[in-house]
Amino acid sequence: MTKADVGMIGLAVMGANLARNLERNGFTCAVYNRSNEVTERFMGEQLGKRFIASATLQDFVASIERPRRIFIMIKAGSAVDDIIETLLPILSPGDILIDGGNAYFRDSMRRVERGQRSGIEFLGVGISGGEEGALNGASIMPGGSSEAWERVRPLLEKIAAYAEGPCTTYIGPDGAGHFVKTVHNGIEYADMQLIAEAYDLLRTVGKRRPPELSSLFRRWNEGVLQSFLIEITADIFTQVDEETGGYLVDSILDKAGQKGTGKWTVESSLDLGVAIPTISAAVDARALSAIKDERVEAAEHLRSGDIAQSIEPEKLDALTHDALYCAKIISYAQGMALLARASAEWNWSLRLGDIAAIWKGGCIIRARFLEEIRRAYADNPVLKNLLLAPAIRQELSTRLASLREVVALATRVGIPVPAFSASLSYYDQYRAAALPLNLTQAQRDYFGAHTYERIDRPGSFHTSWIAGNG
Ligand code: 6PG
C-alpha cells in the first residue's frame, strides 16, 4: 500500500487547509482527527485526492513513510503535550513532529528537549496567514534543529507563500520559530492599533465617512503604506450592514478581543528589558476597549479639557498618512530590537533580514515596507536599531514633523492616540543623548542606597543625602 509523505493531526480549519495545500502540491497526506466524524466529513469533500484517513493514531502513524513528518494542528496548550505523549511510544527514531499552532515559545523550547530525550525531532513552527494562507500560501517560521528543518523544508517551501522566494526559512533552534511568530503578532497588534487611531482622527476631526475612508485607504495602499492590513481596511469601509442599511463598521461594538500572543510579546519584552512601547500600547488599548461599560460611565463624568482646533480635511489626510508611516517604522524598530535581544539571550543567531523577507508574503503584516527592513539588515546584519539604517533615517526625516503634528492635534482635541504617541516618545527617547534619569538614580540612591555612576569617572557611588541636607 502507498504510504503518505506527510501526516496531519487536527482537521479544524487551519489543519484541513494545510492538508489541502500539501496535497495540491503533490504530497500524499495522512489525516487524523480526534473525532472521526470530522475526518469522515473532510474525506467526503476530497474524493479522488491523495489523502489516507485513519480512525486511530496507531493506524495514522503506520500509514506514513519513515522517517515520518507529522503536523500537529490542534489548539495550543496542554492538548499538544497530551498528543506528543501519546505519539512518542508509537513513533520511530528520527521522526519529526511539526507543531504549527500559536504555541508559547517556552513550551516549544521544552518540547524540543522532550522530543530529543526520545529520539524524536520536534519543530515549533509559527504559521501566519489565517485560513487563506494555510490553503494558498502562508508565512512559515520554523524553530528546532536545522537537520529537522532540512527534512521538512521541501514540504514547507511548497506550502508557503511566495514573495521573490518562498516565505519560509530556518529561524533558529528550539523556541525561535514560535517566538518570532509571537513578535510578528505583537507587530500585527501595533499595526492594527495605529490604523485604528488614524481612522479615529479622520472620522472625528476630518469628518470622513466610510466610503471616503475606503477611497483614501485604497490610495494609501498604492504607496509606502501598501500592506494587507491597509488593503482589508479599505474593503471593510465599504461593507454595508444588511440589518441597518448603514456601514457595518459603524454597527460593530468597540471591544477588541485577544488570544494571547500580543500579551506574550509584551511579557517577553519585560523579561528581556527591551522597550516596545507601541506594541504595549496596542495591547493596553485592547484591554481598555474591553471595559466598555466603565468607559460609557466615565464618559458622563470626565471632562476632556480639550482645546479647539480646526484643520482642512485634505491636510489632515496627508498628515495622517505620513504620521502613520513614521509610527509604523518606529514600531517595527521596536519589534526587531526585541528579536535581536532574544537572539542574543538564547543564542538563536536570528537573521533579521531573512525574517523580514519571509514576512513579505502570506502573513498578516505583509507590506511593502518589509523590503526596506530586509535591505537594511542585508546592508548591515549587526545594525543596532532599525532606526539607524540610512534609508530608514531618510524615510523618517521627511515625515517626522507630520507625526508630531498629528500627536499634538490629537492631544489638543482629546482623541486618544496611545500608539502614535508611544512611537514618537520612543523615537525621542532613543535619539536623546541625555535623559533625565540621572535624577531617578539620585532618588534611588537617596531612599534605597542603590548607588549611582558618575559622568566624570568610573565606579559606583553613594551619597548620604539626608546628612548633606541637614
Ligand atoms: C496570523 C494571525 C493569527 C491570529 C492571531 C491574533 O498571523 O495568522 O496573527 O495567528 O489572528 O492569533 O489573534 P488575536 O487578535 O485574537 O490575539
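If we sort the shell around the ligand by residue class, we find 2 nonpolar, 7 polar and 4 charged residues, and I should say at once that we are looking at a predicted model. In total, 13 residues surround the ligand, and the closest of them are Ser128, Glu188, Tyr189, Lys259 and Arg286. Which helix supplies the largest share of that shell? It is helix α8, running over residues 176-204, which contributes 5 residues.

Let me turn to the individual contacts, where oxygen atoms of the ligand come up each time. The side chain of Lys181 has an N or O atom 2.9 Å from an oxygen atom of the ligand, and for Asn185 a polar side-chain atom lies 3.0 Å from a ligand oxygen. With Lys259 it is the backbone that takes part, since one of its N or O atoms there is placed 2.8 Å from an oxygen atom of the ligand. As for how much of the ligand is covered, the ligand taken alone exposes 410 Å², and the protein buries 81% of that. The site itself is the second largest pocket, and that is where the ligand sits.

Moving on to the aromatic rings, a search of the whole structure finds 19 aromatic pairs, and I will take one of them as an example. The rings of Tyr325 and Phe369 have centres 5.8 Å apart and planes at 85°, so this pair counts as edge-to-face. Tyr325 belongs to helix α14 (residues 313-346) and Phe369 to helix α16 (residues 369-379), so the pair ties together parts that are 44 residues apart in sequence.

Finally, there are two details of the backbone to point out. Most residues other than glycine have a negative phi, and most peptide bonds are trans. Here, however, Arg66 and Pro67 are joined by a cis peptide bond, with omega at about -10°, and Pro67 is found in the loop between α3 (57-62) and β4 (69-72). The other detail is Asn347, which is not a glycine and yet has a positive phi of about 50°; where does Asn347 lie? Asn347 is in the loop between α14 and α15 (352-358).

Technical notes. Residues numbered from 1 in each chain as written. Predicted model: local features only at pLDDT ≥ 70, side-chain atom pairs only at ≥ 80, totals over all residues. Heavy atoms only, no water. Near = heavy atom within 4 Å. Polar contact = N/O pair within 3.5 Å; in protein donor to acceptor, adjacent residues only side chain to side chain. Areas by Shrake-Rupley, 256 points an atom, 1.4 Å probe, with all protein chains shown as cover. 1 Å grid on protein atoms, 1.4 Å probe; cavity = no way out; pocket = protein on both sides within 12 Å on 5 of 7 lines; lining within 4 Å. Sits in = over half its atoms within 2 Å of the grid points. Helix = DSSP H or I, 4+ residues; strand = E, 2+ residues; numbered from the N terminus. Nonpolar A, V, L, I, M, F, W, Y, C, P; charged D, E, K, R; others polar. Phe/Tyr/Trp six-rings, centres within 6.5 Å; stacked < 30°, edge-to-face > 60°.
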